[in-house]
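Reader: I should like a close look at a single part of this model, with the criteria behind each term stated. Please set that part within the chain.

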Amino acid sequence: MRTYFISLDGGARLELMSRAELDDAGGRLAQGFNHVAFSVGSASEVDALTTRLGRDRYPALSGPRTTGDGYYESVVPDPEGNLVEITA
């Protein structure tokens with residue numbers, strides 16, 4: 001697997017990832033668009049937004065948790081089922 005980050009002015013980053021194999025993650029092939037992530041600044045903000053989205057019927061599919069690469073995040077679906085990461 002290869003991962004590349006492109007850092008943009010203003011702090012936004014784009015992550016590009018390639019891998020030799022394709023995984024079936026919950027019925028979604030990991031080819032093409034996979035998810036979008038937004039940093040909210042702190043673990044407490046991740047927790048608060050995850051709780052609020054759960055009350056609004058967008059329950060977390062994972063997290064909040066610290067990932068293997070050190071990010072504190074939760075993952076929620078958007079109205080169309082796309083994955084949205086909320087990170088610290």
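Author: The answer below turns from the chain to two threonines. The model is predicted: local features need pLDDT of at least 70, side-chain atom pairs count only at pLDDT 80 or more, and totals for chains, interfaces and linings use all residues. Residues are numbered from 1 along each chain as its sequence is written, and side-chain values use heavy atoms, with hydrogens and water left out.

The chain has one helix and eight strands, in the order β-β-β-β-β-α-β-β-β; helices (H or I, at least four residues) and strands (E, at least two) are DSSP runs numbered from the N terminus. Of its 88 residues, 12% are buried, where buried means under 20% relative accessible area, exposed over 50%, and partly exposed in between (1.4 Å probe, protein chains only).

Thr-51 lies in helix α1, residues 43-55. Its relative accessible area is 45%, so Thr-51 is classed as partly exposed. The Thr-51 side chain comes to 2.9 Å from the backbone oxygen of Asp-47. Between Thr-51 and Pro-64, 13 residues apart in sequence, the C-alpha to C-alpha distance is 9.7 Å.

Thr-87 belongs to strand β8, residues 83-87. Thr-87 counts as buried because its relative accessibility is 8%. Leaving aside residues up to four places away in sequence, Thr-87 is in contact (heavy atoms within 4.5 Å) with Ala-37, Phe-38, Ser-39, Val-40, Gly-41, Val-46, Tyr-72 and Glu-73.

Terms used
Polar contact = N/O pair within 3.5 Å; in protein donor to acceptor, adjacent residues only side chain to side chain.
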